[in-house]
Structure formats: structure tokens, C-alpha cells
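Q: I have a new model on my screen and would like to learn to read its features. Could you take me through them one by one?

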Amino acid sequence: MYLQSTLSFKTINGHEVPFQNGTVLPSFDPQKRQSISLAGEWKKERFQANHEHTMAERTAEWVKTTEQDAQGITNVQFNDERLNTHSIPLPENAMTGESSIHGVETYEDGVWYRRTFSVPSDWEEKQAILKAYAISYVADIWINGKYVGVHEGGYTPFAFNITNFVRAGEVNTIVIRVDNPPWGSRYDIIPATEGTDFFNYTGIIHDLFIEASSPVQISRCDIVPVDTSGKVKVKLVVENHSEIAENISVSLQFFQGNEQAPSYLQSPYAEDIKGERQHFVGTSEQTLHVEANGVAIWTTEITIDHAKLWDIRKPNLYVCQVELTKEHSIVDQFFTQFGIRTVSTNGTKITLNNKPIFLVGLARHEEWPNFGRTASFDRIVNDLLQMKDLSINFVRTSHYPNHIYTYIILDRLGLTAKSEIPLWQFEKEHYEAEETRLHAQQMWREMVLSNYNRPSIILWSTQNESVEVVLRKKHNARLVNDLRMKYNDHRLITQSAAADQPGYWDESVEPLDVAGWTMYFGVFHGSTPYEGTKNFLEQAHKAWPDKPILNTEYGYWSREDGSEKDKQVHIYTETLRALLEKATVTPDGHENNEGFLTGINYWTVYDWYINHNQFYQTMGLFEMDRKTTKPVFDHLKRDYKKLTNL
């Protein structure tokens, strides 16, 4: 048997609740709960992994065989002095810091990571939740010599309740087995193709920490704006990990986000941007009965008085504060930032707060020369501020979900976003594997549920430039139906199809809200940048007259020696000319009622590494240093400023 999906839904009191690894999938909004950071030096050892073994079902026999093959490394008493050290979070791949081919070591295989950590004695009565923001690609975890579980997927967060594995007041040991099968070696991993146009980093990529909370805790607080009047639906999931049923009081408070707070672009915590307390109408207090080892759901609808809408470059945010109390003592607190805004379609237009918008965008690979894909709050802020200065209002966060902080910062800057799961140029064999494993569905759920309250995200994307059509349509429909039926957030759903795979008549568009295509006429497919793009758009509109059309990519490379910088400008200029002839705005930013193209997205803002290391990708406006610009930068800066009237 193959490795199973670890995320599913259970119906509790008529509500669909996500579960992973035997417990409610928690919110990943940063909280100021007591926690243990696992950042820092770890011991590590590379090994040649048996990828067939890695992708097999996790049975008791699998664990036994793996521990035997590990030769003691999972044991608490193992002497790890001979092992190398490695700073976490950081990819396993060695990096030179150079913006060139071989700037990163291509390492796609196994690594054992191991370290100790101390648990405070006052955690004896607390729940311990291990949260990982990204480990690539398959992570198996042991704590104090006992097997905890597995997660597959290198771009989405996951969590384990490890209360029964850690020992309070003692030194504990954690061991993580990572296997990153080479892209192109299998049909059943994501991404899967050898030529995938970004880098396959191995290891513990993003933050890893253990969070403590009361046995009765707030696991999720999901907020969906209903309309532009200030009405929102709040769904609270409370989990009881004790052996005693509890009656718990729940209360909600709402605060305006304070854009002037010193921590606004310095801290990811919603609690740190609380401003004035808001008046509202609706039920904000309730007593919940939570069964022993059970889950309680409470939903309420409230309307904030004189609500300010979250809008493009007008990041009016609110902070929801949730408190659980028992006998007038606070048991748990939870904070989340959210915005009141609606997103929908009206014929060929995308509307935000019931008004048509035109998306002026840039794509960004979340990658740096010395850190790879390992992100920090400061690095993300610096990138997004630099992009905002180019008059954009839309960010495509590449071919994969970015760090949790990316979307928190986009919320605070008032920039919209499209997030995508990393199905890159899937063919029939890949979709057939997905039909069996449904692992892309797990990634989709993790992407959506880990960023559920982010107003900046207005579009979810199902894939990029896949060839297969029939199974792709089925895949698109499955993800759309899954979201609408189980965790509907009222966002729009699209894809990033290739304009020539198969063409404007692509039937996989049918289940989606927005028809999205990459357009590289005169680069990867026929005609010229201007004529090819113009003709394609006209035909696509005839084929899908009632859907908004989104250009998800256009651009060209400059080459490492700079020999094609002029051609990069030419491709940009001619493609943009065709795009804007069909856009819902004119080149100087006025409404064009004859247009039907609802957004554009230049590929990309920064150069990036490619896994095969045969060349270094130079399609950026900037080189990877974030300082050196190319001639196309000035053209785009001028054109985008006119488009957005900034």
C-alpha cells in the first residue's frame, strides 16, 4: 500500500471539522502561547533513502524496519557526537550565496536530523503541539524514541499533538527522518517532473516549534466576511484533551487593526496590532459543553458597527480576540487578524467589495541566495515593500504556498494574492497517481486551512501549466467541490494553464471561477508576442464569454551574461501592449467597458535557482541580490504606475 493522506474531515454537530494525525488541524496564526523554539543547531546525517520504502503505508512493520535501518539514531541513548551539525530552519542543500548556476547544491535524498530540548516542569498539565511550517518532502518524527507520525509535502504546515510523547521537567529528544525523492523519479510526488522550473530544497525549511496550551483549547477560529456591511461569520472549534467533560465560557471581542502600531511590520502576532475596541451587534458569549476528549463547535454571526472595508492599498484590518474562561479564570486565548471584504465575479470582471478591479501583478519565488526557501519575517517584509513600490496591487506567490508570514504581511500592506499548490506541468500519469492517492487534495486543504482568515488572498489556484486535460478537469472539479462543500471561504478559484496546452478551448476551465493562462507567445509557442497574445485572448473570450480571464504569467529572461536584456524588454513591451488592448482598464488606468481581461502578472520580480542547475533563471526584474535591476525594470515601473494611477 502507498502512503496515506493524513488529513480528513469529521462532521460534528452538523459542521465539517478538519482533522490531521488524530486531532483537529489547528490554526497556524502565530500566538503568544508558551512555546519551545526548535530553531538552532541540530545533529544531522545524510543517507541514501529507499524512496519506495518512504512512500509506503505507515504500519508497525514499516516503523520497525525503519528503526532497524537507522542503526540506533532514533534511540534516546544514541551517541550523536560523530554527526555533523546543521542550523535549523535552513535547507540541507549547501549554498554559495552566488547568483549563478551551482549556487545551490542539488541534494534530493535522505537526511536524519536529531536534537535535544528541555520541557519546563509546569507543562505537566498542558497540551504540547508540535507545529512545522514546512519540511521537504516526507518527514517521519520520533520523540524520546517513540514514533509520532508522518507528513508528506514540502510547502504546507502540519502539526502533531505530542503531549503523550514529551516529558515535562526533563531533557527530551526529537529525531526527524527526511526523504526528498528526486523530481522526475516518481509520478506520485508533488511536484513530480524533472524539469520543474524552481529548486527542490531538502530538509526542515521553515519554523519548527512546540506550543503549549490548556487541555481545553481554542484549536481554530475561522472567520468569513458575509457582505460589505460589516457582517462576518465566526466558527470556533474548541478541543478538550482531558478525561473530564467541561463547561467552558467563550467570549469574543473585536478590535480595529492599528496600522500605526510600531509592530505592524515588525511582528507577525495579531495581538500586537490591536487598536481601538469595536462595537458590534451579535452574540459574542456562549457556554460550551465539551465532552471528555471531545470537540465542541460554536458558530455566530456578528456585525461590526461602521465597519471599514479591507481594500487594495487600504488594509483596514480587525483583530478577533477569543477567550475561554472557567470560573472567571482565563483558560486559553486566541488572536487572529482578518478583513471585511467580498470577492466575486460579475460576467468578465472580478469584483472586490462589489466594485470591478484590475489586477496589476508580479510573481515572486520565495527564495534568497544564502537562505534558499527558508524565510524570515524581515526578509519577507523587505521583498513585499520593494514590490509594492512598483505600483502593484496583486502578488502571485509563485507555484507553491509561501510562508505563513507572507500572507499576514500582504494583509497589512493591502495587496491581493493568488496562492497555488505545486502541481507543475502534470501529465496523465501524474494525475492518475493523484486519482489514487488524493495527495494534491491534502495539499490544497492544508493551503486553504492554514491561511483561512487572510483577506489578501482572493484567488486559490489548482495547478500550473499541466498537459493532461480530462483528468485535470476532474482534479479542478474535485478541489472546487471539496472547498465549497466542506470549508467554503467564498474566495475565487482558478488555475494557471499554459495557453498552448491545449489552447483557448481548454475544457478544464469549466469548473473554475476565473480562466487563468500563462501567455508566452513568441517565446514558447507560436506567432509573435503581440499578435499571438491578442488573438489568443479574443478566442478565449469567445470560448468563455461569461468568465473573467486572467493572465497569470508573461515575461522573458535576460541570461546570465545579460545578452538578452533588450529582448526581455521587447517581449515585455509587445506582450503588455496586446494584454492592455483587451484589459478592463486602459493603459492609463481608466475603465474600459469593452475589455474582458481582468488582470496581468509579470514573471517575475527576482531571479531564482532551478533544480537541474543547467542554467540560472534570469526572468526577474532584479537579480537575486534584490539590488541590481535590469532595463525591463524601468519600463514596468513606468507602465504599472500609469495602470494603477499611483
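Q: How many aromatic pairs does a search of the whole structure find?
A: Keep in mind that this is a predicted model. The search finds 33 aromatic pairs.

Q: How is such a pair described?
A: Two things describe a pair of aromatic rings: the distance of the centres and the angle of the planes. Take Trp-183 and Phe-198. Their centres are 5.3 Å apart and their planes meet at 70 degrees. Planes over 60 degrees apart count as edge-to-face, so this pair is edge-to-face.

Q: Where do Trp-183 and Phe-198 lie in the chain?
A: Both are in the loop between strand S13 (171-179) and strand S14 (203-204). They are 15 residues apart in sequence, so the pair ties those parts together.

Q: Are Trp-183 and Phe-198 buried or exposed?
A: Both are buried.

Q: Which kind of pair do Phe-198 and Tyr-400 form?
A: A tilted one. The centres are 5.3 Å apart and the planes stand at 50 degrees, so the pair counts as tilted. This pair links distant parts of the chain, 202 residues apart. Phe-198 is in the loop between S13 and S14, while Tyr-400 is in the loop between strand S29 (394-396) and helix H4 (404-413). Phe-198 and Tyr-400 are both buried.

Q: Which residues form one aromatic cluster?
A: Phe-28, Tyr-133, Phe-209, Phe-377 and Tyr-405 do.

Q: What lies over the face of Phe-19, and what over the face of Phe-371?
A: Here you look for a charged side chain above a ring. Lys-10 lies over the face of Phe-19, at 4.4 Å from the ring centre. Arg-379 lies over the face of Phe-371, at 3.7 Å from the ring centre.

Q: How many disulfides does the structure hold?
A: Zero. Cys-221 shows how to check. Its nearest cysteine sulfur belongs to Cys-320, 4.2 Å away.

Q: Why is there no bond at Cys-320?
A: The cut-off for a disulfide is 2.5 Å between sulfur atoms. The sulfur of Cys-320 is 4.2 Å from the closest cysteine sulfur, in Cys-221, so the gap is too far for a bond.

Q: Are Cys-221 and Cys-320 buried or exposed?
A: The cut-off for buried is under 20% relative accessible area. Cys-221 has 1% relative accessibility, so it counts as buried. Cys-320 has 0%, so Cys-320 counts as buried too.

Q: What span should helix H7 have, and what is the distance between its end C-alpha atoms?
A: Start from 1.5 Å a residue. Helix H7 covers residues 470-486, which is 17 residues, so it should span 24 Å. Its end C-alpha atoms are 24 Å apart, which agrees.

Q: Which residues of H7 are buried?
A: First the general idea. An α-helix has 3.6 residues a turn, so residues three or four places apart point the same way. In H7 the buried residues are Leu-471, Arg-472, His-475, Asn-476, Arg-478, Leu-479, Val-480, Asp-482 and Leu-483.

Q: What do the buried residues of H7 pack against?
A: Two helices and two strands: helix H5 (428-437), helix H6 (439-450), strand S31 (457-464) and strand S32 (492-498).

Q: Which residues touch the most other members of the largest nonpolar core?
A: In soluble globular proteins, nonpolar side chains tend to be buried together. Here the largest nonpolar core has 120 residues. Leu-362, Trp-444, Trp-517, Ile-600, Tyr-602, Leu-621 and Tyr-640 touch the most other members. H4 gives the most to this core, with seven residues. A second, separate core has 29 residues, including Val-119, Ala-139, Ile-174 and Ala-212.

Q: Which peptide bonds here are cis?
A: Read omega. One cis bond runs from Ser-136 to Tyr-137, with omega near 10 degrees. Tyr-137 lies in the loop between strand S9 (135-136) and strand S10 (138-143). Another cis bond runs from Ile-190 to Pro-191, with omega near -5 degrees. Pro-191 is in the loop between S13 and S14.

Q: What is phi of Gln-71, and what is phi of His-306?
A: For Gln-71, phi is near 55 degrees, a positive value in a residue other than glycine. Gln-71 sits in the loop between helix H2 (60-69) and strand S6 (84-88). Its relative accessible area is 67%, so Gln-71 is exposed. His-306 is not a glycine either, and its phi is about 50 degrees. His-306 is in the loop between strand S22 (295-304) and strand S23 (317-326). At 78% relative accessibility, His-306 counts as exposed.

Methods:
Residues are numbered from 1 along each chain as its sequence is written. This is a predicted model: local features need pLDDT of at least 70, side-chain atom pairs count only at pLDDT 80 or more; totals for chains, interfaces and linings use all residues. Side-chain values use heavy atoms; hydrogens and water are left out. Rings of Phe, Tyr and Trp (its six-membered ring) pair if their centres lie within 6.5 Å; planes under 30 degrees apart count as stacked, over 60 as edge-to-face and the rest as tilted. Helices (H or I, at least four residues) and strands (E, at least two) are DSSP runs, numbered from the N terminus. Buried means under 20% relative accessible area, exposed over 50%, partly exposed in between (1.4 Å probe, protein chains only). A charge sits over a ring if NZ of Lys or CZ of Arg is within 6 Å of the ring centre and within 35 degrees of the ring normal. The expected span of a helix is 1.5 Å times one less than its number of residues. Contact means heavy atoms within 4.5 Å. A nonpolar core is a set of buried Ala, Val, Leu, Ile, Met, Phe, Trp, Tyr and Cys residues joined through side-chain atoms within 4.5 Å.
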